[in-house]
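Visitor: Hey, got a minute to walk me through this one?
Guide: Sure, let's pull it up.

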Amino acid sequence: MMRPKTPLTGTKRRNVEKLTQRFRGIFFFLFLASGIINILALTGSFYMLQIYDRALTSGSVPTLLGLSALAIGLYLFQGFFDVIRSQVLVRVGARLDAKIAPMAHQVAIDMPRFGFSTAEALERGRDVDTVRGFLGSQGPLAFFDLPWMPLYVVFVYMLHPYLGALTFGGAFVLSILTIVTELMTRRWAAATHKSGIDRNAIAESNTRNAEVLKAMGFADRAVKRFNRANQEHLALQTRTNDISGTFGAVSRVLRMILQSAVLGLGAWLTIIGELSAGAIIAASVASARALAPVDLAVGNWKSFVAARTAFARLKETVVALAGAEPLMGLPAPKKSLKVEKLTVAAPGSGRILLSDVSFEIAAGQALGIIGSSGGGKTTLARALTGIWPPLRGSVRLDDAELTQWADSIIGQHIGYLPQDVALLDASVEENISRLEQQSDARAIVEAAQTTGVHEMIVRLPEGYRTALGPQGASLSAGQRQRIALARALYRNPFVVVMDEPNSNLDGEGESALTEAIHAIKARQGIAIVIAHRPSALTAVDLIAVVQNGKMIAFGPKHEILKPAAVGDANGRSPVTARMTSRVSE
């Protein structure tokens, strides 16, 4: 879903302007180069004029050779500037890509946190490709040549006012066609882009669930669902292409008619003695060159609209990163984790998933979070790690909110094992070290040994350098989970949040998990474990019960995990009593 646009503040506007300010000098150079190219493009008209009106009438071969040599030299200069202009545009696209692509990818990583689909997030990268591809095409040349159209109209007018008026009229009509093309394709182009995102979202979902589709035999229905979205996208794309293609064809026909009309009018003016034969050819060549940029612009209008829309989204990307002031360095947290009246809403829908949760954990403690499915446990984990921003309230490390640290800094103090384990398409070493440029081999091995996965890793074909492939598909679910846990423990972060850390572990893995929690407590860290299976709570000190988006109980484990009858005596709800009784069994 699209988010409403917010007005640009002064700071954000300056950040948007920075996007192109380094290229303004280049664009001015390209404008001047286009002027030189268009002036030199009059060479053909002057050559024809001189050949017919001077060389042929005088019968002078030296004059013919001199004119030809001059024309060839001017054509070579024109070609040189044309090559330079094209190469500069390609390099502008490459420089823009190098500047924006990292920012676009950074925003793409953050977008799913705020309710955007993966397809929408990946579209930011495609936007960079679209803009770069357009700058390397013939499309921009038309827009650099358009301002120089009056030069040709004036030249034709100097040959004869009637021819100038006819050329001006043709240019005016073609310009109107360009404007009409813009107005008629804008809405359809936006709808086509949105339908393309929807189609790609379905394709991405089908690919992600390929195993389920295959095992339960409904891949054909998934394909039909994709086909319906694809058909809608094709229908919109066809409509857009029909409009731009039709106007492009009309533009080309009108240009040919106008060129013939200039020849016909020139012939009539020659017959009545108001124009020379050379001027007919010169006017025809100049009028065709005057209208060529319009024709080229109409022909490339589809790619221009796509590039303009993509660039507008890239400006939104810069706005999203604008205003991020450098944060003051804070000491590493080592005392406590405090949650104060935390309320969290689902990104995108805005539905409240967690409301008014408050608790405090001191260094050296471990908290177990229990509750029924859909009660808000994973939402709490995402808020504690800063993945989902709170709607109200705060999460504090040593009394400082998470937002007071830069992501790259706070990430050093937080370890996170998500419920749905996902490993990077990289080596085991790179996964555990979180893609550090200069990873610590000792810390990597220590994290792997803590989770009991070191022996498994060294048996891999290349040990820690073994490439895992997409999502670590070559490993079992338990192995992936233990490597992900080692990643969470890398360099001993202060807070380690584990969501269902034993869901895929065997007995040996659960023992390693318990030892890892003890190790976190021993080094005065904080461990938070979300669990349904009681074996994951062996080493925790505190228990929090989260039910229907509320924390309904919090305290020492021995007090919370009591039999149902005692629970009722303590005033807890029957739901809480039954749930804690199940966990304690």
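**The second largest pocket**

Guide: The second largest pocket has a volume of about 520 Å³. A pocket here is an open set of points on a 1 Å grid over the protein atoms alone, where a 1.4 Å probe fits, with protein on both sides within 12 Å along at least five of seven lines. Grid points are joined across faces, edges and corners, and the volume is the space filled by probe spheres set on the points.

Visitor: Before I go on, what kind of model is this?
Guide: It's a predicted model: local features need pLDDT of at least 70, side-chain atom pairs count only at pLDDT 80 or more, and totals for chains, interfaces and linings use all residues. Residues are numbered from 1 along each chain as its sequence is written, and side-chain values use heavy atoms, with hydrogens and water left out.

Visitor: Ok, which lining residues are the closest to the centre of the second largest pocket?
Guide: Ala-189, Thr-192, His-193, Gln-237 and Ala-306, out of 25 that line the pocket. Lining residues have an atom within 4 Å of a point.

Visitor: Which helix gives the most to that lining?
Guide: Helix 8, with nine residues. Helix 5 (118-135), helix 8 (161-208), helix 10 (219-271) and helix 12 (301-321) each supply at least two. Helices (H or I, at least four residues) and strands (E, at least two) are DSSP runs, numbered from the N terminus.

Visitor: And how does the lining divide by class?
Guide: Seven nonpolar, 12 polar and six charged. Ala, Val, Leu, Ile, Met, Phe, Trp, Tyr, Cys and Pro count as nonpolar, Asp, Glu, Lys and Arg as charged, and the others, Gly among them, as polar.

Visitor: Switching topic: at what angle do helix 3 and helix 11 pack?
Guide: About 170° for helix 3 (residues 43-58) and helix 11 (residues 277-299), with axes 7 Å apart. Axes are lines fitted to C-alpha atoms over the stretch in contact, and angles run from 0 to 180 degrees between N-to-C directions. The two helices are therefore roughly antiparallel, a label for angles over 145 degrees.

Visitor: Which classes make up that contact?
Guide: Nine nonpolar, two polar and one charged residues. Contact means heavy atoms within 4.5 Å.

Visitor: Last one: what order do the strands of the open sheet take?
Guide: 2-1-4-5, with antiparallel pairing; strands pair if DSSP finds at least two bridges between them. The edge strands are strand 2 (352-362) and strand 5 (400-401).

Key. Angles under 35 degrees count as roughly parallel, over 145 as roughly antiparallel, 65 to 115 as roughly perpendicular and the rest as oblique.
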